[in-house]
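Let's go through this structure together by asking how each label is earned. Have a look at it first, and then we can start.

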Amino acid sequence: MSKDDIYANPIDELPAFRFDEEVVRVFPDMIKRSVPGYSTIIAMTGLLAGRYASPGSNCYDLGCSLGASTLAMRQQVRGEGCRVIGVDNSSAMIERCRSVIDTDSHELPVDLVCGDIEAVAIDNASVVVLNFTLQFIPLEQRSALMQRIFNGLRPGGILVLSEKVLFADPHLNALNIELHHDFKRANGYSDLEIAQKRQALENVLVPETLDDHRERLAAAGFSSCDVWFQCFNFASLVALKATEADD
Ligand code: GEK
């Protein structure tokens, strides 16, 4: 696995962060050293999908990057006639993802789509995964995407939503940002790397509070949702689309 050294040296005119070939090359190392709890979230996404995937349905991994959640679902979903659909709008990511999936021997069919998750059809889904992707969608477009996800889910289906989050209390917000930076330092990132990455992500990764997410999920129609994992300012929620029997 190539080491993430993208921000190791001073960069004069820092470009906004993009999911290009350079990021693809180091992505597994970058995300593991940057997101507290990443491996747990991915593995548990597989278990959640295994429980909720219903026969003949689709399991979506929206913003699939190199297919970590796609593979976790492929390994855990047993339902007859299910398929996993991974979507990413970075062609560099999807190309590399395809070679990762090709080396995996599980039998569940996987379709990879290079496209915008705001445009791709979401149909007949029992599981939809948005692991650290909604935060890159412009704020004003998030509700429409959430509504399309809700509409595309079968009753009884789930959304797994993992995000970097803000805290309404300024002291707790500052503390959790500091703790996240401590986590990155403990994983070998320098202060320069942390500062340059933070600047590159400004206005590209736009986090919200857990309450903002809960409100959007409820407005889209999800009957229940709660956090199932949190470490500092990284959290994952599960949201359920009720069946008629739940009413
Ligand atoms: C993982 N889920 O390993 N349409 C499609 N893809 C998009 C869009 C969009 N509009 N915007 C961003 N992306 C993965 C990690 S990374 C998170 C997800 C991170 C894609 C983008 O190209 C990138 O691959 C992914 O969303 C976000 O669990 O790097 O912090």
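A polar contact is a pair of N or O atoms within 3.5 Å; within protein, one atom must be able to donate a hydrogen and the other to accept it. Keep in mind that this is a predicted model.

Q: What makes the approach of Ser-57 to the backbone oxygen of Ser-54 a polar contact?
A: A polar atom of the Ser-57 side chain lies 2.6 Å from the backbone oxygen of Ser-54. The limit is 3.5 Å, so the pair falls within it.

Q: With which other side chain does the side chain of Ser-57 make a polar contact?
A: With the side chain of Ser-126, at 2.6 Å. Ser-57 itself is found in the loop between H2 and strand E1 (58-62).

Q: Why is Ser-57 called buried?
A: Its relative accessible area is 0%. Buried means under 20%, so Ser-57 qualifies.

Q: Why is the pair Arg-25 and Asp-5 called a salt bridge?
A: The closest N and O atoms of Arg-25 and Asp-5 are 3.7 Å apart. A salt bridge needs a side-chain nitrogen of Lys or Arg within 4 Å of a carboxyl oxygen of Asp or Glu, so this pair counts. Arg-25 lies in helix H1 (residues 21-34) and Asp-5 in the segment before H1, so the salt bridge ties together parts that are 20 residues apart in sequence.

Q: Are Arg-25 and Asp-5 buried, exposed or partly exposed, and how do you know?
A: Arg-25 has a relative accessible area of 38%, and Asp-5 has 42%. Partly exposed covers the range between the 20% and 50% limits, so both residues belong there.

Q: How do you know that Asp-104 and Arg-74 form a salt bridge, and what does the pair tie together?
A: Their closest N and O atoms are 2.7 Å apart, which is within the 4 Å limit. Asp-104 lies in the loop between helix H4 (91-102) and strand E3 (110-114), while Arg-74 is in helix H3 (residues 68-76), so the pair ties together parts that are 30 residues apart in sequence. Both Asp-104 and Arg-74 are buried.

Q: What makes Asp-226 and Arg-214 a salt bridge between distant parts of the chain?
A: The closest N and O atoms of Asp-226 and Arg-214 are 3.8 Å apart, again within 4 Å. Asp-226 is in strand E7 (residues 224-231) and Arg-214 in helix H8 (residues 210-220), twelve residues apart. Asp-226 is partly exposed at 46% relative accessible area, and Arg-214 is partly exposed at 29%.

Q: Which residues do salt bridges with shared partners join into one network?
A: Arg-142, Glu-208 and Arg-216. A search of the whole structure finds ten salt bridges.

Q: Which residues come nearest to the ligand?
A: Of the 22 residues around the ligand, Tyr-38, Gly-63, Ser-65, Asp-88 and Asn-131 come nearest. H1, helix H2 (38-52) and H3 each supply at least two residues of the shell around the ligand.

Q: What makes the approaches of Gly-63, Ser-65 and Asp-116 to the ligand polar contacts?
A: A polar backbone atom of Gly-63 is 2.8 Å from a ligand nitrogen. An N or O atom in the Ser-65 side chain is 2.8 Å from a ligand oxygen. A polar side-chain atom of Asp-116 lies 3.0 Å from a ligand nitrogen. The limit is 3.5 Å, so each of these pairs counts.

Q: How much of the ligand does the protein cover, and where does the ligand sit?
A: The protein covers 94% of the 660 Å² of accessible area that the ligand has on its own. The ligand sits in the largest pocket.

Q: Why are Ser-65 and Phe-132 called buried?
A: Ser-65 has a relative accessible area of 12%, and Phe-132 has 7%. Both values are under 20%, so both residues are buried. Ser-65 is found in the loop between E1 and H3, and Phe-132 in the loop between strand E4 (125-131) and helix H5 (142-152).

Q: What is the phi of Ser-65, and what is that of Phe-132?
A: Ser-65 has a positive phi of about 50° although it is not a glycine. Phe-132, also not a glycine, has a positive phi of about 60°.

Notes. Residues are numbered from 1 along each chain as its sequence is written. This is a predicted model: local features need pLDDT of at least 70, side-chain atom pairs count only at pLDDT 80 or more; totals for chains, interfaces and linings use all residues. Side-chain values use heavy atoms; hydrogens and water are left out. Helices (H or I, at least four residues) and strands (E, at least two) are DSSP runs, numbered from the N terminus. Buried means under 20% relative accessible area, exposed over 50%, partly exposed in between (1.4 Å probe, protein chains only). A residue is near a molecule or strand if one of its heavy atoms lies within 4 Å of it. Accessible areas come from the Shrake-Rupley method with a 1.4 Å probe; for residues, only the protein chains shown count as cover. On a 1 Å grid over the protein atoms alone, a cavity is a set of points where a 1.4 Å probe fits but cannot get out, and a pocket is an open set with protein on both sides within 12 Å along at least five of seven lines; lining residues have an atom within 4 Å of a point. A molecule sits in a cavity or pocket if more than half of its atoms lie within 2 Å of its grid points.
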